[in-house]
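Welcome! Open your viewer, keep the selection tool handy, and follow along one stop at a time.

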Amino acid sequence: MSRGFRRSALIGAGLATALAAGTVVVACQSSGSSSAAPKLSVADPYIPLPATPGGMGAGYLTVRNDGGSDRLLKVSSPGAGSVTMHRSTEKSMEEVGELEVPAHGTLDLARGGNHLMIMDWSKQPALGDELELDLEFAKAGTVVVKVPVKPLTYRPGS
Amino acid sequence: MASLRSTRPRLLTAAALVLGASLALSACSSSSSGGGETSGAAKVSKQASTSQYQGTVLSKHFDKPDLVLNDTGGRPYDLKARTAGRTVLLFFGYTSCPDVCPTTMGDIGVAMSKLTPEERQKLDIVFVSTDPERDTPQVLRTWLDSMGKDFIGLTGDLAKVKAAAKPLGIMVEDPVVAANGSVTSTHGAQVLAFLPTDDKAHLLYMAGTSVETYRHDLELLAKGVAV
């Protein structure tokens, strides 16, 4: 009995790990029945090292969608007290409530445009660190991403 | 025309810059005699295509602002007097800005690092804070050091900063502090380059200008190549 229980618990843990690992890259609906279901993956996430140590930071990433449209509602992190979504404009910066992830398209969080603003770090970020970001989507649910801290002027592909 | 086609991507970029520039400049054109935005923009466009520089060539050469603030050592710094006869890149921003400000100053920093020490010595990179309440000289120094140890940081009376920025077509407003403590400061994000020959602004770089463009133009500026 107890052995059986332990085994199933282990399988459960294994499944949970596999699921968690899966969500790092892909948050697809397991059913896959409806063509309108979003199929999201996150590419090139990074946090430039804040110019002021431990100060205000930015987060950038690309959400790819091979399915129906979705919306990014909220981002949070166990390693930072505040993560908000902003958009840089010609002269300023504004907070945005949600961001559209178009069907079979991408949502780009990139320098000079939509970006995440990260404050209240629980640990001062350093090069090579990883910050967990939990991206909450309207349809796809929560996607967990481990985001590396890169040099201040880093750009994907450089 | 054949040459036009071959440089199409650059011209498109130039056109985009010109559009951006005319938008940015329209903010300060109320005092001018009203010669017409269209002809002004056309003039800019024509010059941009013949210049060796990749930045937007300005048809109206702004005076360097008469601005005395504190430097990052807390000492008074007279921008006009201290940088007379030198090449100056001027940017207005604030250190609690996560995206555009560190990206712009960081990219200029990377471009500067690719020049020779002699070339670097000819250029003054000046950052003026639009959030002096939080950007103390020390805060500013720490922030700037991440991008350029020799970058000049100025902070002080916001009214003076606004007055200095306005004639340059750079609108600066009072910073707004949100409930979560984040600060939003409204400021034009363009970088202006002043020449040593007349201490006037001749080139403009919009937010999003690449490191390559900065490196290209800073090298020409350091060599004293005419705009």
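## Stop 1: a helix in chain B

Select residues 211–223 of chain B, which make up helix α9. Try a ruler check here: at 1.5 Å a residue, its 13 residues should span 18 Å, and because the end C-alpha atoms are 18 Å apart, the expectation and the model agree. Keep in mind throughout the tour that this model is predicted.

Which residues of α9(B) are buried? Show the side chains of Val211(B), Thr213(B), Tyr214(B), Asp217(B), Leu218(B), Leu220(B), Leu221(B) and Ala222(B) to see them. Next, colour what these buried residues pack against: the helices α5 and α6 (117–121), together with the strands β4 (87–93), β5 (123–129), β9 (191–194) and β10 (200–205), in chain B. Then step just past the helix to Gly224(B), which follows α9(B) and has a positive phi, near 75 degrees.

## Stop 2: where the chains meet

Now display both chains. On the chain B side, 28 residues are in contact with 24 residues of chain A. Together the two chains bury about 1,900 Å², and 57% of that is on carbon and sulfur atoms. Select Pro98(B), Asp99(B) and Asn180(B): these three supply 28% of the area chain B buries against chain A, more than any other three residues.

Zoom in on Arg155(A) and Asp107(B). They form a salt bridge, with the closest N and O atoms 3.0 Å apart; the count between the two chains is 1 salt bridge. There are also 9 residue pairs in polar contact across this interface.

Which elements of chain B each bring at least two residues to the side that touches chain A? Highlight α5 (100–113), α7 (137–145) and β8 (183–184). The largest share, 6 residues, comes from α5(B). Colour this side of chain B by residue type and you will find 12 nonpolar, 14 polar and 2 charged residues.

## Stop 3: a lysine in chain A

For the last stop, select Lys74(A), which lies in strand β4 (residues 70–76) of chain A. Why is Lys74(A) classed as partly exposed? Its relative accessible area is 44%, so it falls between the buried limit of 20% and the exposed limit of 50%.

Show its surroundings too: leaving aside residues up to four places away in sequence, Lys74(A) touches Met85(A), Asp134(A), Leu135(A) and Glu136(A). Finally, draw a distance from the C-alpha atom of Lys74(A) to that of Glu98(A): the two residues are 24 apart along the chain, and these atoms are separated by 7.0 Å.

Conventions:
Residues are numbered from 1 along each chain as its sequence is written. Chains are lettered from A and ligands numbered from 1 in the order in which they are written. This is a predicted model: local features need pLDDT of at least 70, side-chain atom pairs count only at pLDDT 80 or more; totals for chains, interfaces and linings use all residues. Side-chain values use heavy atoms; hydrogens and water are left out. Contact means heavy atoms within 4.5 Å. Buried area is the accessible area (1.4 Å probe) that two parts lose on being put together, summed over both. A salt bridge is a side-chain nitrogen of Lys or Arg within 4 Å of a carboxyl oxygen of Asp or Glu. A polar contact is a pair of N or O atoms within 3.5 Å; within protein, one must be able to donate a hydrogen and the other to accept it, and residues adjacent in sequence count only if both atoms are side-chain atoms. Helices (H or I, at least four residues) and strands (E, at least two) are DSSP runs, numbered from the N terminus. Ala, Val, Leu, Ile, Met, Phe, Trp, Tyr, Cys and Pro count as nonpolar, Asp, Glu, Lys and Arg as charged, and the others, Gly among them, as polar. Buried means under 20% relative accessible area, exposed over 50%, partly exposed in between (1.4 Å probe, protein chains only). The expected span of a helix is 1.5 Å times one less than its number of residues.
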